[in-house]
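Open the structure in a viewer and keep the selection tool at hand. The stops below say what to select next and what is there.

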Amino acid sequence: RSVSTLDISQRAVVSFIQELPFGRQRRLGSQWPRWLDLAIGQWQVNGILSLATGLPLALTAPNTSGAFSSVQRPNVIGDASLPGDRPKADKIREWFNTRAFAQPAAFTFGNGPRTLPNVRAPGERNFDFSLFKGFKFGEERRLEFRAEFFNLTNTPNFAVPGQGFGSSAFGVISSQVNDPRQV
């Protein structure tokens, strides 16, 4: 038994829609002239905040067991976890303790678990935001100005680190899985 490689143990998505209280027929600015109401009245904001833990890591090693598979699990010889308060550059270079693993001896299987119990891939943090205002023209027509900001805080979400023991990318995060801020 082990944790599934697709397990996201904690995930929260919070969204909101809020009409701002400025402008005619609103709490603030109900007596504004029409030109001021057109400029800064009756705006609405929306947001979506997504937070999630990372996926479990399933490490592999070159198969020297003679079994009919191209990979096997490495031997665990130490604790794979590293302190979380390290600088981001250090985390990218070594997401987990790569010295905690060894290649199994020839014709033996590795003792590593299917997924690491105490280390996961980086999680997700994202905040999307929009600001918009509608302009009415007559009874049935409406024009909308909309400004949308995807990844408003420009927070990078990193990919899963290299999971193949013996590879130069083992434990290294080499890419980002989200886009930078888009407006």
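Select the lining of the largest pocket in this predicted model. Helix α1, strand β2 (43–52) and strand β7 each supply at least two residues to that lining. Strand β7 gives the most, with six residues. The volume of the largest pocket is about 530 Å³. Its lining consists of 17 residues, and those closest to the centre are D37, Q42, G134, F135 and K136. Colour the lining by class: eight of its residues are charged, five are nonpolar and four are polar.

Now colour the chain by confidence. The mean pLDDT is 92, and 100% of the residues reach 70 or more. Helix α1, residues 34–40, has the lowest confidence in the chain, at a mean of 77. Helix α1 is also one of the elements that supply at least two residues to the lining of the largest pocket. At the other end of the scale is strand β6, residues 101–102, where confidence is highest, at 97.

Stay with strand β7, which covers residues 124–137, and select K133 within it. Is K133 buried or exposed? K133 counts as buried because its relative accessibility is 3%, and the cut-off for buried is under 20%. Show what surrounds K133. Beyond its neighbours within four places in sequence, K133 is in contact with D37, L38, G41, Q42, W43, L143, E144 and F145. Two of these partners, D37 and Q42, are also among the residues closest to the centre of the largest pocket.

Move next to A52, in strand β2. A52 has 14% relative accessibility, so A52 counts as buried. Which residues is A52 in contact with, leaving aside its neighbours within four places in sequence? They are I8, Q10, R11, G123 and E124. Draw a distance from A52 to R11: the two are 41 residues apart in sequence, yet their C-alpha atoms are 4.2 Å apart in space.

Go back towards the N terminus and select S4, in the segment before β1 (11–19). With a relative accessibility of 35%, S4 counts as partly exposed. Its contacts, leaving aside neighbours within four places in sequence, are with P56 and R114. The C-alpha atoms of S4 and P56 are separated by 7.4 Å, although the two residues are 52 apart along the chain.

R114 leads to the next stop, as one of the residues that line the largest cavity. The other lining residues are L57, L59, P74, V76, F101, G112, P113, T115 and L116. How many cavities of 30 Å³ or more does a search of the whole structure find? The search finds one. The largest cavity has a volume of about 40 Å³. By class, its lining has seven nonpolar residues, two polar and one charged.

Two stops concern the backbone. Select F107, in the loop between β6 and β7. F107 is not a glycine, but its phi is positive, near 65°. F107 is exposed, with a relative accessible area of 69%, and the cut-off for exposed is over 50%. Then select N154, in the segment after β8 (141–149). N154 is likewise not a glycine and has a positive phi, of about 55°. N154 counts as partly exposed, at 35% relative accessibility.

Finally, zoom out and show the whole chain as a cartoon. The chain has two helices and eight strands. Read from the N terminus on, the elements run β-α-β-β-β-β-α-β-β-β. Taken along the principal axes, the C-alpha atoms fill a box of roughly 85 × 35 × 25 Å. What is the radius of gyration of the chain? The chain has 26 Å, whereas a compact globule of 183 residues would have a value near 16 Å. Colour by accessibility: 29% of the 183 residues count as buried, K133 and A52 among them. Turn on the contacts last. Of those with a separation of 6 or more, 67% are between residues 24 or more positions apart.

Conventions: Residues are numbered from 1 along each chain as its sequence is written. This is a predicted model: local features need pLDDT of at least 70, side-chain atom pairs count only at pLDDT 80 or more; totals for chains, interfaces and linings use all residues. Side-chain values use heavy atoms; hydrogens and water are left out. pLDDT is the predictor's confidence in each residue, from 0 to 100. Helices (H or I, at least four residues) and strands (E, at least two) are DSSP runs, numbered from the N terminus. On a 1 Å grid over the protein atoms alone, a cavity is a set of points where a 1.4 Å probe fits but cannot get out, and a pocket is an open set with protein on both sides within 12 Å along at least five of seven lines; lining residues have an atom within 4 Å of a point. Grid points are joined across faces, edges and corners, and a volume is the space filled by probe spheres set on the points. Ala, Val, Leu, Ile, Met, Phe, Trp, Tyr, Cys and Pro count as nonpolar, Asp, Glu, Lys and Arg as charged, and the others, Gly among them, as polar. The radius of gyration is taken over C-alpha atoms; the globule rule is 2.2 Å times the number of residues to the power 0.38. Buried means under 20% relative accessible area, exposed over 50%, partly exposed in between (1.4 Å probe, protein chains only). Contact means heavy atoms within 4.5 Å.
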